[in-house]
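Here are some short exercises to work through with the model open beside you. Try each task before you read its solution.

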Amino acid sequence: MPSINLDERLNLDTKVDVTVAEKEYSLVLNDELSVKISDVQLELSKRIEDLTDMPEEKFKEMSLEERKKLVVDTMHDGRADIFKAMDKIFGSGEGKRIYDYYNQSTRAISKIIAAIDDVLNDKLQTNKNRKERRAEKYTKKRRG
């Protein structure tokens with residue numbers, strides 16, 4: 001009876017080292033990490049939804065200063081959500097450290113969360129086995 005090595009075939013390595021803001025972290029790509037990423041994504045989506053779903057009449061009644069305050073408060077709250085998530089993923093105080101490293105850019109730290117989610121999804125997809133990857137590599141070289 002043939003034996004199939006699913007460990008080799010699926011390559012389900014659930015550990016990865018990542019470098020963020022010149023510091024290396026070892027992450028375990030498991031359900032717990034997935035929940036942390038999903039939580040922050042849902043919280044951020046809810047904040048944006050609350051802002052964009054505001055009745056137009058209410059928004060029109062607001063002064064320019066009130067509108068600016070609403071947007072700034074939403075951004076600050078979203079950043080706080082990201083800090084909490086990064087602290088849970090990388091360790092206490094790391095959200096603020098990473099934010100400071102990237103010149104206090106909320107967009108930069110948002111991209112880091114998205115990149116971790118991408119790694120989580122990509123790494124746990126069924127990968128080609130070693131033999132298929134090697135054959136593909138040599139086939140590409142001959143074509144190019």
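**Exercise 1. Work out how exposed aspartate 50 is, and find its salt-bridge partner.**

Step 1: Aspartate 50 has 42% relative accessibility, so it counts as partly exposed; buried means under 20% relative accessible area, exposed over 50%, and partly exposed in between (1.4 Å probe, protein chains only).

Step 2: Its side chain meets that of lysine 46 in a salt bridge, 2.6 Å from N to O. The term stands for a side-chain nitrogen of Lys or Arg within 4 Å of a carboxyl oxygen of Asp or Glu.

Step 3: Lysine 46 is partly exposed too, at 45%. Lysine 46 and aspartate 50 are four residues apart in helix H2, so about one helical turn separates them. Helices (H or I, at least four residues) and strands (E, at least two) are DSSP runs, numbered from the N terminus.

A word on the ground rules: this is a predicted model, where local features need pLDDT of at least 70 and side-chain atom pairs count only at pLDDT 80 or more, while totals for chains, interfaces and linings use all residues. Residues are numbered from 1 along each chain as its sequence is written, and side-chain values use heavy atoms, leaving out hydrogens and water.

**Exercise 2. Find what arginine 47 pairs with, and which helices the pair ties together.**

Step 1: Arginine 47 forms a salt bridge with aspartate 77, with the closest N and O atoms 3.6 Å apart.

Step 2: Arginine 47 lies in helix H2 and aspartate 77 in helix H4, so the pair links parts 30 residues apart in sequence.

Step 3: Check accessibility: arginine 47 is partly exposed at 27%, and aspartate 77 is partly exposed at 36%.

**Exercise 3. Test whether the length of helix H4 agrees with its residue count, then list what it packs against.**

Step 1: H4 covers residues 64-90, 27 in number. The expected span is 1.5 Å times one less than the number of residues.

Step 2: That gives 39 Å, and the end C-alpha atoms are 38 Å apart, which agrees.

Step 3: Among the buried residues of H4 are Ile82, Phe83 and Phe90. The buried residues of H4 pack against strands S1 and S2 and helices H2, H5 and H6; contact means heavy atoms within 4.5 Å.

Step 4: Just after H4, glycine 91 takes a positive phi of about 125°.

**Exercise 4. Describe the salt bridge of lysine 69.**

Step 1: Lysine 69 pairs with aspartate 73, the closest N and O atoms being 2.7 Å apart.

Step 2: Lysine 69 is exposed at 52%, whereas aspartate 73 is partly exposed at 33%.
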